[in-house]
Amino acid sequence: MSDLHTKIEFLKSVGPQRADLLKTELGVFTFGDLLMHFPFRYVDKTRFHKIRDSREEGANVQFKGTIRRMNLAGEGRKMRLIVKFKDDTGFIDLVFFKGVSWMQKKLIVGVEYVVYGKLSKFGSNVNIVHPEIEPVTQANLSEALSLEPVYPSTGKLEGKGLGTKGIMKLQKILHNRLKEIEMPETLPDYLMEKMRIPKRKTAMLDIHFPKDNETLKLAQNRLKFEELFFLQLRLLQIRSRRKHSIRGHVFEKVGENFTRFYNEKLEFELTGAQKRVIKEIRGDMGRGVHMNRLLQGDVGSGKTIVGLLSMLLALDNGYQACLMAPTEILAQQHYASITESLSGLGIQVGFLSGSVKGKKRKQLLQLVGEGVIQILIGTHALIEEWVEFYNIGLAIIDEQHRFGVIQRAKLWKKGIKAPPHILVMTATPIPRTLAMTLYGDLDVSVIDELPPGRKEITTLHKNENNRMRVFGFMREQIKMGRQVYVVYPLIEESDYEPLEDLNNLMEGYESISREFPPPEYQISIVHGRQKPADKDYEMQRFVKGETQIMVATTVIEVGVNVPNASVMVIENTERFGLSQLHQLRGRVGRGAEQSYCILMSSFKLSNDARTRIQTMCRTNNGFEIAEVDMNLRGAGNIEGTQQSGVISLRMADLAKDGRILQTAREIAMRILEDDPKLERPIHARLKAYLEAEKKGKSGWSRIS
Ligand code: ADP
Ligand code: MG
């Protein structure tokens with residue numbers, strides 16, 4: 001008797017060399033790991049085709065028949081073996097350029113073979129180049145009629161005979177041994193019945209060698225459900241444990257800061273969504289529960305004010321608050337607008353970033369440590385070790401997608417007696433399925449309503465032929481007193497643009513300068529290679545309306561707010577991702593004017609680029625855009641997923657398996673409500689599995 005923890009070298013035909021490769025290349029150490037190395041697709045060999053009916057170029061076909069004759073054609077490098085193959089409906093040529101003499105020896109005229117391959121066009125005929133060909137035996141006939149698994153492999157593995165076929169052979173050996181191998185069930189019986197999914201062992205066998213499409217589907221459903229269910233169970237357990245074990249600071253009263261600001265300073269009526277979210281936040285913080293909340297809201301939905309009001313609540317209850325932004329520009333903008341909003345209320349606001357140095361920094365830190373500064377606004381610098389608060393009660397992170405879990409944890413530690421309440425604000429709408437997984441341990445609030453009076457941004461797709469008209473349009477808008485952004489791509493996610501991108505930007509800047517000469521027109525330029533002071537100077541000129549055009553790379557992407565800017569021209573649109581385009585577009589449409597986004601691109605576009613551009617022209621809804629983005633790129637490539645478990649999902653695909661995820665989460669929630677510690681006998685398997693997983697023992701351990 002062996003079990004799934006048996007070392008892979010003990011599998012027949014593996015041996016030490018191949019075992020080492022399996023470990024380093026695929027992370028396969030044990031039988032269980034190999035079993036978890038799932039096929040990524042299947043070749044459908046469930047039926048035999050008829051040669052007569054098989055004419056379509058590119059089609060995958062499987063024939064059963066005999067070889068009538070073989071002959072060599074061509075010379076030297078062009079020499080090839082042509083095999084005349086026949087079934088009961090007709091003839092087809094099988095062509096081999098490689099291994100000619102070996103094939104010639106191996107193949108026997110008159111013997112029955114199964115042939116599999118792709119039809120290619122040859123003159124007016126079709127043939128198959130380098131098909132798979134196997135003699136028909138009693139044993140392999142039923143196997144021939146199957147869904148054949150295709151496994152991920154690597155060049156190194158292929159070199160040792162472990163390409164997809166080689167791995168399939170190993171799986172077969174393992175498969176035949178599995179009858180005698182112990183494989184504990186992980187889900188309660190009632191759940192499997194309810195979900196109508198097979199047992200774990202059945203699913204594990206069928207996923208590699210499914211009898212037909214239906215069995216495959218069942219196995220996939222079972223494994224997807226199991227994967228998502230345990231992920232949710234874990235996340236929800238973390239959340240419930242935190243709620244029960246950590247007491248949060250209690251912000252019970254609404255005091256002078258909040259009320260005075262609300263009554264005297266707030267210039268607009270909050271939207272229904274903003275009010276609802278503030279209620280949710282107050283609900284958390286007023287109860288002594290520790291808040292860990294994600295606030296999602298499209299660009300311009302008014303998250304800042306929600307954050308500010310929450311901070312004032314902290315102040316009213318004698319605590320400090322901080323607001324952390326991902327870039328210097330954005331942090332400064334928050335600082336400027338918040339100090340202005342709060343002017344006259346006697347609230348001390350401080351600013352901290354890498355650029356605040358020396359004596360100034362020392363002074364600031366002292367005031368923060370003494371509690372004189374009540375609100376601290378800044379960049380990553382806020383979470384450095386040397387920042388010590390007097391009593392931080394609320395930490396807000398703006399534009400979460402740039403911050404990881406680690407930063408959240410660092411903020412967490414800034415609390416003296418208890419961790420501060422955490423509010424994460426993101427303008428990157430995340431598809432629901434992704435949010436449930438990425439932030440499954442958080443509570444989620446959504447601002448799904450824009451402030452009144454906003455006009456939908458009109459988005460147009462243009463190319464180089466329209467350049468002059470685009471310039472003309474810019475001129476018109478500027479004449480009406482508006483401002484214009486012209487944005488150039490920047491591939492790398494860093495503060496420094498690659499030189500090539502910078503050149504692009506500079507060329508653009510020059511041509512715009514020619515079209516829009518001074519003194520009538522003034523132009524700002526902002527890019528990552530500028531000194532912060534220069535950047536700030538240029539930015540400020542635009543903010544103050546001294547310049548009408550802002551030429552920039554994506555440094556302006558996050559958060560910059562210039563309500564008078566009504567046109568956004570995006571150059572080389574095809575090089576931007578969807579969520580980035582949406583973010584950029586959000587820089588306009590912030591005032592009451594009709595705003596425009598003009599997407600410039602070259603004529604030739606890939607399918608994906610075309611879909612991205614069409615989506616942008618069709619909708620302004622960030623959540624809809626996020627869904628398309630996830631479908632195009634796959635969940636694992638969405639920003640922010642890298643540090644999470646999402647990327648290591650083996651079976652489930654968040655872009656496709658939303659329904660299963662939803663069900664899994666609901667069931668996990670119900671189970672935990674009923675039995676938070678999974679102590680009831682009926683949940684023994686769940687508990688055992690989670691514990692084994694924690695110890696890293698189960699085959700799924702690498703998920704987290
Ligand atoms: P984001 O959610 O993208 O951070 P902001 O908080 O920057 O959006 O808000 C965008 C603009 O909308 C700001 O100028 C802000 O003052 C304004 N705003 C916010 N809420 C309202 C409201 N309820 N009514 C009118 N304007 C609002
Ligand atoms: Mg914002």
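Contacts between residues 24 or more positions apart make up 74% of the chain's contacts with a separation of 6 or more, as computed from a model that is predicted. The chain holds 24 helices and 23 strands, and its C-alpha trace spans about 100 × 70 × 45 Å along the principal axes. Of its 704 residues, 53% count as buried, while the area that the chain exposes comes to about 33500 Å², of which 51% is supplied by carbon and sulfur atoms.

Helix H17, formed by residues 467-479, was examined along its length and around its axis. For its 13 residues, a rise of 1.5 Å a residue gives an expected span of 18 Å, and the end C-alpha atoms of H17 are 18 Å apart, in agreement with that expectation. The buried residues of this helix are Arg467, Val470, Phe471, Phe473, Met474, Gln477 and Ile478. Because these buried residues fall within an arc of 160° when H17 is seen down its axis, they line one face of the helix. An α-helix has 3.6 residues a turn, so that residues three or four places apart point the same way. The exposed residues Met468, Arg469 and Lys479 are carried on the face of H17 that is turned away from the buried side. The buried residues pack against both helical and strand elements, namely helix H18 (499-515) together with strands S18 (458-463), S19 (483-487), S21 (549-552), S22 (565-570) and S23 (596-601). After H17 comes glycine 481, which has a positive phi, near 95°.

Two buried residues in other helices were also considered. Methionine 103 is placed in helix H3, which comprises residues 100-106, and its relative accessible area is 7%, so it counts as buried. When neighbours within four places in sequence are left aside, methionine 103 is in contact with Leu81, Phe96, Lys98 and Ile133. By contrast with these contacts, leucine 654 is 551 residues from methionine 103 in sequence, and the two C-alpha atoms are 45 Å apart in space. Arginine 541, found in helix H19 (residues 532-543), is likewise buried, yet this residue has no salt bridge. The nearest side chain of opposite charge is that of glutamate 538, at 4.3 Å from arginine 541, and a salt bridge requires a separation within 4 Å between a side-chain nitrogen and a carboxyl oxygen. Residues up to four places away in sequence not being counted, arginine 541 touches Gln522, Ile523, Ser524, Glu546 and Thr547.

Backbone geometry was examined at several loop positions. Most residues other than glycine have a negative phi, and most peptide bonds are trans. Histidine 130, in the loop between strand S7 (125-129) and strand S8 (132-135), has a positive phi near 50° although this residue is not a glycine. With a relative accessible area of 33%, histidine 130 is partly exposed. Arginine 196 also has a positive phi, of about 55°, without being a glycine, and lies in the loop between helix H7 (189-195) and helix H8 (200-208). The relative accessibility of arginine 196 is 72%, and this residue therefore counts as exposed. A cis peptide bond, with omega near 5°, leads from proline 518 to proline 519, the latter being located in the loop between H18 and strand S20 (523-526).

Technical notes. Residues are numbered from 1 along each chain as its sequence is written. Chains are lettered from A and ligands numbered from 1 in the order in which they are written. This is a predicted model: local features need pLDDT of at least 70, side-chain atom pairs count only at pLDDT 80 or more; totals for chains, interfaces and linings use all residues. Side-chain values use heavy atoms; hydrogens and water are left out. Helices (H or I, at least four residues) and strands (E, at least two) are DSSP runs, numbered from the N terminus. Buried means under 20% relative accessible area, exposed over 50%, partly exposed in between (1.4 Å probe, protein chains only). Contact means heavy atoms within 4.5 Å. Lys and Arg count as positive and Asp and Glu as negative; His and the chain ends are not counted. The expected span of a helix is 1.5 Å times one less than its number of residues. The arc is that of the directions from the helix axis to the C-beta atoms. Accessible areas come from the Shrake-Rupley method with a 1.4 Å probe; for residues, only the protein chains shown count as cover.
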